[in-house]
Amino acid sequence: MPAETPFIADVMLGRLATWLRLLGCDVEYFPKISDDDLVERASRSGRVILTRDTELIRRRKVRDIHFLVRGNSYRDQLRQVAEHFSIVPSSRILTRCLRCNEKLEDIDRSEVRDKVPSYVFETQPNFRTCNRCGRVYWRGTHHDKSLAEIRGIFRPQDDLGPEE
Ligand SMILES: [Zn+2]
């Protein structure tokens, strides 16, 4: 498997999809997609289907392009997927929009002045944006909380860099 396997998550795995995006993974997710559309989309775009559906994976078209996710908590699921696909938690954190899966682009500070709270604007040197939804990201509270959560999910030897 290449390091950057693109995924599509089934309707039951929304939370896992968001967390994988946080780690920088390319994960499509549609809350209301039918199984047929999911399979069609996956095989057309070369994505691995992440699913918990043991019926779905019996389909002939799904057999070779799925990964069966076990575990009820998103923490267990995230750990399992990261381990299987050799996803390094630290390498691409916050490089992708959590809402639309788009890769984030650097944006000049001057362009976000009206889009973020003023204390954020005053204290943060770098910003990124999603060109699809326009959401602005920065290494603020959200980022710190997410890092702490990820530290808790993965083993201590997974180096996540120095604490900030
Ligand atoms: Zn977005």
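**Note on the predicted model: the surroundings of Phe 85 and the zinc site**

1. Phe 85 has a relative accessible area of 4% and is therefore buried, since the limit for that class is under 20%. The coordinates discussed here belong to a predicted model. The points below begin with the rings around this residue, continue with the loop that holds it, and then turn to the metal site.

2. Aromatic pairs number 4 in the structure. In one of them, the ring centres of Phe 7 and Phe 85 are 4.9 Å apart and the planes stand at 80°, so the pair is classed as edge-to-face. This pair links distant parts of the chain, for Phe 7 belongs to strand E1 and Phe 85 to the loop between H3 and E5, with 78 residues separating them in sequence. Both Phe 7 and Phe 85 are buried.

3. Phe 85 also takes part in an aromatic pair with Phe 67, again edge-to-face, with 5.2 Å from centre to centre and 75° between the planes. Here too distant parts of the chain are linked: Phe 67 is in strand E4 (residues 66-68), Phe 85 is in the loop between H3 and E5, and the two are 18 residues apart. Phe 67 counts as buried because its relative accessibility is 11%, and the class requires a value under 20%. Phe 7, Phe 67 and Phe 85 together form one aromatic cluster.

4. Which residues does Thr 5 touch, leaving aside those up to four places away in sequence? They are Asp 26, Val 48 and Phe 85. Thr 5 itself is found in the segment before strand E1 (7-9). Its relative accessible area is 6%, so Thr 5 is buried.

5. Ile 87 lies in the loop between H3 and E5, the loop that also holds Phe 85. With 8% relative accessibility, Ile 87 counts as buried. Beyond residues up to four places away in sequence, Ile 87 touches Phe 7, Leu 20, Leu 23, Cys 25, Val 81 and Ala 82. Ile 87 and Asp 106 are 19 residues apart in sequence, and their C-alpha atoms are 23 Å apart in space.

6. Two residues of the loop between H3 and E5 merit attention for their backbone angles. Ser 86, placed in that loop, has a phi near 50°, a positive value in a residue other than glycine. Leu 94, in the loop between H3 and E5 as well, likewise has a positive phi, near 55°, and is a residue other than glycine. Is each of these residues buried or exposed? Ser 86 is exposed, because its relative accessible area is 56% and the class begins over 50%. Leu 94 is buried, with a relative accessible area of 8%.

7. Helix H1 (residues 14-22) is mostly covered, as 7 of its 9 residues are buried. The buried residues are Gly 14, Leu 16, Ala 17, Trp 19, Leu 20, Arg 21 and Leu 22. Leu 20 of this helix is one of the residues touched by Ile 87. Gly 24 follows H1 and has a positive phi, near 95°.

8. The zinc ion is coordinated by the SG atoms of Cys 97, Cys 100, Cys 130 and Cys 133, at 2.1 to 2.3 Å. The arrangement is tetrahedral because the 4 donor atoms subtend angles of 107 to 113° around the zinc ion, and the class requires all angles to lie between 85 and 135 degrees. In sequence, the donor residues follow the spacing C-x2-C-x29-C-x2-C. Cys 97 lies in the loop between helix H3 (74-84) and strand E5 (105-107), while Cys 133 lies in the loop between strand E6 (127-129) and strand E7 (136-137), so this pair ties together parts that are 36 residues apart in sequence.

9. Two of the donor residues may be set side by side. Cys 97 counts as buried, at 0% relative accessibility, whereas Cys 133 is partly exposed, at 32%. How many disulfides does the structure hold? The number is 0.

10. A further ring interaction involves a charged side chain. Arg 109 lies over the face of Phe 121, at 4.3 Å from the ring centre.

How values were computed:
Residues are numbered from 1 along each chain as its sequence is written. This is a predicted model: local features need pLDDT of at least 70, side-chain atom pairs count only at pLDDT 80 or more; totals for chains, interfaces and linings use all residues. Side-chain values use heavy atoms; hydrogens and water are left out. A disulfide is a pair of cysteine sulfur atoms within 2.5 Å. Buried means under 20% relative accessible area, exposed over 50%, partly exposed in between (1.4 Å probe, protein chains only). Donors are N, O and S atoms within 2.8 Å of the metal (3.2 Å for Na, K and Ca); water is not among the atoms, so sites may look incomplete. Four donors count as tetrahedral if all angles lie between 85 and 135 degrees; four count as square planar and six as octahedral if opposite donors are over 155 degrees apart and all others between 65 and 115; anything else is irregular. Helices (H or I, at least four residues) and strands (E, at least two) are DSSP runs, numbered from the N terminus. Contact means heavy atoms within 4.5 Å. Rings of Phe, Tyr and Trp (its six-membered ring) pair if their centres lie within 6.5 Å; planes under 30 degrees apart count as stacked, over 60 as edge-to-face and the rest as tilted. A charge sits over a ring if NZ of Lys or CZ of Arg is within 6 Å of the ring centre and within 35 degrees of the ring normal.
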